[in-house]
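Hi there,

Here is the structure I promised to pass along. Have a look at it first, and then read on for what turned up when I went through it.

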Amino acid sequence: MEDACIICGKRIAGLEVRNDYILSSIRWFKRNVTKNEKGFRLVVCREDFPKYYKQRKSFERKRSLYVGLGAVFAIALFVLSSFNLYSLFYGFGIVVFLYLLSLVSYMPALEAVHAAGKQKRDSAAGGSAASMHTSGMRPAGGITKTKGYKHE
Ligand SMILES: [Zn+2]
């Protein structure tokens with residue numbers, strides 16, 4: 001499979017993008033609806049990494065902000081409706097809507113960066129349960145190819 005950079009679009013080698021449910025849905029849509037799946041392995045090339053990193057961070061910030069805002073709205077709605085259980089349904093809708101809104105600036109995670117970040121988080125937590133699933137997926141030399149790796 002040919003590599004393609006998600007930032008500049010060049011057919012060039014780079015760090016592999018982690019295939020998450022958003023990318024899977026886009027792929028599914030291209031394969032089954034618009035019928036224009038290109039079948040590239042998505043990567044971020046070396047030159048575009050700083051640019052990618054900035055966009056990824058900005059997306060992550062926006063996503064937390066929007067979901068946090070949605071949660072505040074949902075709680076406020078629940079309280080204001082005198083704890084009407086139906087209001088939770090609307091509150092959930094608000095959270096989902098704001099989450100989808102944050103996807104406008106979507107930037108996928110990278111395999112290597114994701115694995116490294118997970119290890120850092122786990123060792124910071126220091127829990128025995130957290131360290132159980134880290135062994136056996138340490139990135140070797142930057143790029144990891146962990147097929148069948150179940151995330152989150
Ligand atoms: Zn590039």
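Let me begin with one residue. Leu 69 is found in helix α2. Leu 69 counts as partly exposed, because it has 15 C-beta neighbours inside 10 Å, and a residue needs 20 or more to be buried. Leu 69 also has a partner to look at across the sequence: Tyr 99 is 30 residues away along the chain, while the two C-alpha atoms are 9.8 Å apart in space.

Before going further, please keep in mind that this is a predicted model.

**How far to trust it**

The mean pLDDT of the protein is 83, and 74% of the residues reach 70 or more. Among the elements, α2 has the highest mean pLDDT, at 97, and helix α5 (residues 128-132) has the lowest, at 41. Over residues 126-152 the pLDDT is below 50, and that stretch has 22 contacts in the model beyond near neighbours in sequence.

**The overall layout**

The protein has five helices and three strands. Along the sequence they follow the pattern β-β-α-β-α-α-α-α. Of the 152 residues, 14% count as buried. Among contacts with a separation of 6 or more, 71% are between residues 24 or more positions apart.

**The sheet**

The three strands form an open sheet in the order β1-β3-β2, with mixed pairing. Its edge strands are β1 (3-5) and β2 (15-16), each of which pairs on one side only.

Where does the mixed pairing show up? On one side, β1 and β3 run parallel and are joined by three bridges. Within that pair, Asp 3 stands opposite Arg 41 of β3. On the other side, β2 and β3 run antiparallel, with two bridges between them. Here Leu 15 stands opposite Val 44 of β3, and Glu 16 stands opposite Val 43 of β3.

**The core**

Which residues make up the largest nonpolar core? There are ten: Cys 5, Leu 15, Val 17, Leu 42, Val 43, Val 44, Cys 45, Tyr 52, Met 107 and Leu 110. Strand β3 (residues 41-44) gives the largest share, three residues. You will recognise Leu 15 and Val 44 from the sheet, where they stand opposite each other.

**Helix α2**

Helix α2 covers residues 49-80, which is 32 residues. Its first and last C-alpha atoms are 46 Å apart, close to the 46 Å expected at 1.5 Å a residue. The buried residues of α2 are Tyr 52, Gly 70 and Ala 74, and they pack against β3 and α3 (85-102). Tyr 52 is also one of the ten core residues. An α-helix has 3.6 residues a turn, so residues three or four places apart point the same way. That is worth having in mind when you look at Gly 70 and Ala 74, both buried in this helix.

**Helix α1**

Is α1 buried or in the open? None of its 14 residues is buried, so α1 lies largely in the open. Its length agrees with expectation, because 14 residues at 1.5 Å a residue should span 20 Å and the end C-alpha atoms are 18 Å apart.

**Two residues with positive phi**

Most residues other than glycine have a negative phi. Two residues in this model have a positive one, and each comes after a helix.

- Lys 35 follows α1, with phi near 55 degrees. Lys 35 is found in the loop between α1 (21-34) and β3. Lys 35 is exposed, because 8 other C-beta atoms lie within 10 Å, and the cut-off for exposed is 12 or fewer.
- Ser 82 comes just after α2 and takes a positive phi of about 55 degrees. Ser 82 is found in the loop between α2 and α3. Ser 82 is exposed as well, because 7 other C-beta atoms lie within 10 Å.

If you open the model, the sheet and its central strand make a good starting point: β3 sits between β1 and β2 in the strand order, and it supplies three residues of the core. From there you can go on to α2, whose buried residues pack against β3 and α3.

Happy browsing, and best wishes!

Technical notes:
Residues are numbered from 1 along each chain as its sequence is written. This is a predicted model: local features need pLDDT of at least 70, side-chain atom pairs count only at pLDDT 80 or more; totals for chains, interfaces and linings use all residues. A nonpolar core is a set of buried Ala, Val, Leu, Ile, Met, Phe, Trp, Tyr and Cys residues joined through C-beta atoms within 7 Å. Helices (H or I, at least four residues) and strands (E, at least two) are DSSP runs, numbered from the N terminus. Two residues are in contact if their C-beta atoms, placed from the backbone, lie within 7 Å. The expected span of a helix is 1.5 Å times one less than its number of residues. Two strands pair if DSSP finds at least two bridges between them. pLDDT is the predictor's confidence in each residue, from 0 to 100.
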